[in-house]
Amino acid sequence: MRKITAFILLFTSFAEAEVLVRGALILHEVSGKVSISRMGKEEVDFQANQMPVSMPGLIDCRASNDSYVFFSTSSRSSILFEGDGSFTISRFEQGMPELTNWETSQEEVSQSRVILNFREGQITVDNRYMIDSSQFLAETPLGIVRALGGIWQMSISFDPGKKRFNFLISCIDGLVRFTDFTGKQHSLRDGQRLSGAGLPTSPSIEVGEIVERTSEQIQLFLELTRVYASSKSDLLAYAPYLQVIEQDQLLLNEPVGLNDLGTDSSLNYPIIIEYTSDPPAVTPFRAEVKAPSVSEADLF
C-alpha cells in the first residue's frame, strides 16, 4: 500500500511539471526461443512462468523460427513479434502519464514518440489508442512505416542467395503510410495490403486487398490483446522503468506542455543522444603453423 501511494505522488508531481520520460514495456507472453536485451546492455532475465515482466522501453529482441513474444507499452500500444528475425526499439519518449487521467481513459494520455527498427520476421502493432500528436515509426530495410492509429502488420524475409527482400504490409484497421527510399509514399487503409519484392532501392510494389491468411494470422494478436487487457492497462507496472530524461528539464520549464504541441512539433523536441556501454575488448587470435615436411618444402 505504501509503494502504491508513493507511485501516485510521483505521477502527480511529474505530471504537474510536464516531465518527459523514457517509456517502458511489459512482457506478457513468450513462446519458443526468444532473447531480449536492454539497449547496449545485458540480456533481460525472464521465465515463461513468471509473466508479466516490466522492463525499459529501449530493447533489442530476437525470435527464432516458430517463436513469438507479446509486449504492451506505456503509450498504450501493443506489439506481437514473430520470428525468425529481430527488431529494436531505438527511441521511446513520452510525457509522464497522470494516473487519474490514465484510469479514466482508454486512450493514450500524453504525447509520445516511438521509433523501432525492424529487420526481418513479422510484427503486428496496435496503435488504436494513440493520440493524433504522437508518432510511431518503423524503420525497415525497404523504407519507413508510419502508423496513424489502428492495427497493422508487416512481414519481411530476405533471400541471401539472390540478395532480394520480400515484404508485406497489411492495414487491418486505421491508416498506415509506407515511404520507400525513392521518396514514394503509399497509403493503406482498412483491409488493404502492400506486397513488394526486390532490392531495397527498387522493389516492385503492388497494393491490393488483405488475403485470408492475414486475417487468420491476426487472430492470435487479437486474442492476446483480449487476454492481457487488464495487466497491460496497469500503469503502476510500468512505473519503475519510466526514466526521467534529464536533458529536457530546460525545455519543460517553458509554459507549454506536451499536450499543447501539434502534430508537426518534431522540431520542438530536444535532440537525445543515447549512450551505450563500450563493447567487450576483442582478444586477438594467434595461430602457430608447423614447419613444412621435406616433401612439402619443395612447394614453397
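In this predicted model, the side chain of R76 reaches across to the backbone oxygen of W102, at a distance of 3.2 Å, and the side chain of R76 also comes to 2.8 Å from the backbone oxygen of S105. R76 is placed in the loop between β6 and β7, the latter strand covering residues 78–95. Because its relative accessibility is 11%, and the limit for a buried residue is under 20%, R76 counts as buried. Once neighbours within four places in sequence are set aside, R76 is in contact with W102, S105, Q106, E107, E108, V109, D126, Y129 and S233. R76 and R128 stand 52 residues apart in sequence, yet their C-alpha atoms are 8.6 Å apart in space.

The backbone of R76 also deserves attention, since its phi is near 70 degrees, a positive value in a residue that is not glycine. Most residues other than glycine have a negative phi, and most peptide bonds are trans. D66 is another residue with a positive phi, of about 65 degrees, although D66 is not a glycine either. D66 lies in the loop between β5, which spans residues 59–63, and β6. Because its relative accessibility is 67%, and exposed means over 50%, D66 counts as exposed. A further backbone feature is found at the peptide bond from G83 to D84, which is cis, with omega near 15 degrees, and D84 has its place in strand β7.

R76 leads on to the open spaces of the model. The second largest pocket has a volume of about 250 Å³, and of the 17 residues that line this pocket, those closest to its centre are R76, Y129, A229, K232 and S233. Two or more residues of its lining come from each of β6 (68–73), α2 (99–104) and α3 (212–227). By class, the lining of the second largest pocket divides into four nonpolar, seven polar and six charged residues.

Enclosed space can be considered next. Rolling a probe the size of a water molecule over the atoms shows where empty space is left. The structure holds one cavity of 30 Å³ or more, and the volume of the largest cavity is about 30 Å³. Its lining is made up of S75, S77, E108, S112, V114, N127, M130, Q135 and F136, and E108 is also one of the residues in contact with R76. Strands β8 (112–126) and β9 (135–140) each supply at least two residues of this lining. Three nonpolar, five polar and one charged residues make up the lining of the largest cavity.

Q111 is placed in the loop between α2 and β8. With a relative accessible area of 2%, against a limit of under 20%, Q111 is therefore buried. The side chain of Q111 reaches the backbone oxygen of S133 at 2.9 Å, and the side chain of R76 likewise reaches a backbone oxygen, that of S105 being one of its partners.

The nonpolar interior gives another view of the fold. The largest nonpolar core has 42 residues, and the members with the most contacts inside it are I36, F71, F87, I89, I123 and W152. Strand β11, residues 164–180, gives the most to this core, with six residues. Apart from this core lies another, of 13 residues, among them V21, L99, L242 and V244. Taking I36 as an example from the largest core, and not counting residues up to four places away in sequence, I36 touches L27, E43, V44, F46, M55, I59, D60, C61, V69 and F71.

These local views can be set against the protein as a whole, which contains six helices and 15 strands. Buried residues make up 45% of the 300 residues in the protein. Among contacts with a separation of 6 or more, 61% are accounted for by residues 24 or more positions apart, and the pairing of R76 with S233 is an example of a contact from the list given for R76.

How values were computed:
Residues numbered from 1 in each chain as written. Predicted model: local features only at pLDDT ≥ 70, side-chain atom pairs only at ≥ 80, totals over all residues. Heavy atoms only, no water. 1 Å grid on protein atoms, 1.4 Å probe; cavity = no way out; pocket = protein on both sides within 12 Å on 5 of 7 lines; lining within 4 Å. Points joined across faces, edges and corners; volume = space filled by probe spheres on them. Helix = DSSP H or I, 4+ residues; strand = E, 2+ residues; numbered from the N terminus. Nonpolar A, V, L, I, M, F, W, Y, C, P; charged D, E, K, R; others polar. Buried < 20%, exposed > 50% of the residue type's maximum accessible area, 1.4 Å probe, protein only. Contact = heavy atoms within 4.5 Å. Polar contact = N/O pair within 3.5 Å; in protein donor to acceptor, adjacent residues only side chain to side chain. Core = buried A, V, L, I, M, F, W, Y, C linked by side-chain atoms within 4.5 Å.
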